[in-house]
Number of protein chains: 2
Amino acid sequence: MPRSKSYDENMVLEHAMHVFWSKGYKATSVRMLEKEMGINQFSIYSSFINKKKLFIKSIRKYGEHVRQNVYNILLQENSGMKELEFFLLNTAQKKREPATSRGCLVVNTAAELGGSDDEITSEVNGYFNFIRDMLKKVLQTAVEKGEISPDTDIEKQSAFFLGVMQGLSVASKTMDPDQLNDFVSIALKQIK
Amino acid sequence: MPRSKSYDENMVLEHAMHVFWSKGYKATSVRMLEKEMGINQFSIYSSFINKKKLFIKSIRKYGEHVRQNVYNILLQENSGMKELEFFLLNTAQKKREPATSRGCLVVNTAAELGGSDDEITSEVNGYFNFIRDMLKKVLQTAVEKGEISPDTDIEKQSAFFLGVMQGLSVASKTMDPDQLNDFVSIALKQIK
DNA sequence: TAGATTTCTAAGCAATTGTTTAGATATAGG
DNA sequence: CCTATATCTAAACAATTGCTTAGAAATCTA
């Protein structure tokens, strides 16, 4: 009997994610979301309840996005040091593209909202746990492949590379490509 | 003939800086600034023109603050590797104190506002140039003292440690003290 | 002490914020 | 082809935003 939705919740959520990614949480108004998502405020609230819940869903969507388009190589079963090296040098080089100068949505969120909201904080922590777990696995594989020393302290190194990636997100907005390259190169050289 | 100001512009600016530091630019309202600075909106606008200009002055004030209270050791003429090591391990350990979980105001600003405003962007860049120059000098001294190899590429290493410090600001909000320690330890070990 | 001049108080401004609501519109099942 | 029910449009909501203003209060010079 009911009327059917004229939009795909998954599609409009992806648009919302990009707005939050570009502008940050506070600077994104519901009016902007309306335009960018292509649906009315009523529809936003009926699908996502309120702005904060939409933001949290956007962070999750961002997680899906990077899994598929950014960390896909690192998430492959046999990815090791070569892939990590390629990934880091590659993201350092991508600086010129404006899409990269947005940095990481989750790093931006951690910086903007700090620990001011519990739900958002736990979402942020969940994301970084995922990144660290991914790094652990990559480093473990690298050891098994003999690319790095079997004495490598994977726990410490995964914390290190997570820190480097967080720094990279900020640095991508403030450093030129050469400096970014230096930063990443030294981070990598250290483990060889 | 005129009436005299009942507040010290320098004092109230310091209070404004702390509000921006804790809450970020967008999340800080002029009403909050009124309360925290202890003066009326009229006085805020008569002394600082508008919110953005007050924010920029707050960033500069933050620069003074860290020069005197955070980087004072590193800024001493003969500071080298020992001081850099002490500084990094120390800030990694200070995590439990809530004052530290605010991260760095300028990193937060870079993340929140990206390149959305030219004046603010150039203020952010100026700050990071100062940090990198400070690091260069410290590393140069470390070479002269024989603490690190004379072959050290100071340009690259200063970019690296700047990136580490930017990462540290984000990580201080998301990592536990042990992980922070691991992050910093590896960053330091690499140069020895 | 008088008066010129600035600072302060506090109310008010229009614009924007997140969120809600009333009524028109469309659609699937009987 | 109805009609129940959900979706949409668009206007409105109170609260808050950054900023301004009119008038009262205070102070230094003369």
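Biologist: How far apart are the centres of domain 1 and domain 2 of chain A?
Modeller: Going by the C-alpha atoms, 28 Å separate the centres of these two domains of chain A. Keep in mind that this is a predicted model.

Biologist: Where does each domain of chain A begin and end?
Modeller: The domain assignment gives residues 1-61 to domain 1 and residues 70-192 to domain 2. Those bounds come from an automatic or database assignment.

Biologist: How do you know which residues of the two domains are in contact?
Modeller: You look for heavy atoms within 4.5 Å. By that rule, 14 residues of domain 1 of chain A are in contact with 13 residues of domain 2 of chain A. Together the two domains bury about 1,300 Å², with 61% of it on carbon and sulfur atoms. On the domain 1 side, A:W21, A:K52 and A:I59 lose the most area to domain 2, together 49% of what that side buries.

Biologist: Why is the meeting of A:E119 and A:K52 called a salt bridge?
Modeller: The rule asks for a side-chain nitrogen of Lys or Arg within 4 Å of a carboxyl oxygen of Asp or Glu. In A:K52 and A:E119, the N to O distance is 3.0 Å, so this Lys and Glu pair passes the 4 Å test. Between domain 1 and domain 2 of chain A, the count is three salt bridges.

Biologist: What else links the domains, and which elements supply the domain 1 side?
Modeller: Eight residue pairs are in polar contact across the interface of domain 1 and domain 2 of chain A, both residues at pLDDT 80 or more. On the domain 1 side, α1 (9-23) and α4 (51-69) of chain A each give two or more residues. The largest share, six residues, comes from α4(A). By class, that side has seven nonpolar, four polar and three charged residues.

Biologist: Now for the two chains. What makes chain A and chain B partners in contact?
Modeller: Here 33 residues of chain A are in contact with 33 residues of chain B. The chains bury about 2,800 Å² between them, 70% of it on carbon and sulfur atoms. In chain A, the residues that lose the most area to chain B are A:F160, A:V170 and A:I186, together 19% of what that side buries.

Biologist: How many salt bridges and polar contacts does the rule find between the chains?
Modeller: The salt bridge count between chain A and chain B is zero. Polar contacts do turn up, with eight residue pairs across this interface. The side of chain A that touches chain B takes at least two residues from each of α6 (105-113), α7 (118-145), α8 (154-174) and α9 (177-189). Of these, α8(A) gives the most, with 13 residues. That side divides into 16 nonpolar, ten polar and seven charged residues.

Biologist: What relation do the two chains have, and how do you know?
Modeller: Chain A superposes on chain B by a rotation of 180 degrees with 0.0 Å of shift along its axis, at an RMSD of 0.0 Å. That is why we speak of a two-fold axis. A:G167 is the residue of chain A that comes closest to the axis, at 1.7 Å (C-alpha).

Biologist: Why do we say the copies meet through the same surface?
Modeller: We say that because 100% of the interface residues of chain A are also interface residues in chain B.

Biologist: Which kinds of secondary structure does chain A have?
Modeller: Chain A has nine helices and zero strands.

Conventions. Residues are numbered from 1 along each chain as its sequence is written. Chains are lettered from A and ligands numbered from 1 in the order in which they are written. Side-chain values use heavy atoms; hydrogens and water are left out. Buried area is the accessible area (1.4 Å probe) that two parts lose on being put together, summed over both. A polar contact is a pair of N or O atoms within 3.5 Å; within protein, one must be able to donate a hydrogen and the other to accept it, and residues adjacent in sequence count only if both atoms are side-chain atoms. Helices (H or I, at least four residues) and strands (E, at least two) are DSSP runs, numbered from the N terminus. Ala, Val, Leu, Ile, Met, Phe, Trp, Tyr, Cys and Pro count as nonpolar, Asp, Glu, Lys and Arg as charged, and the others, Gly among them, as polar. Copies are superposed by least squares on the C-alpha atoms of residues with pLDDT of at least 70 in both.
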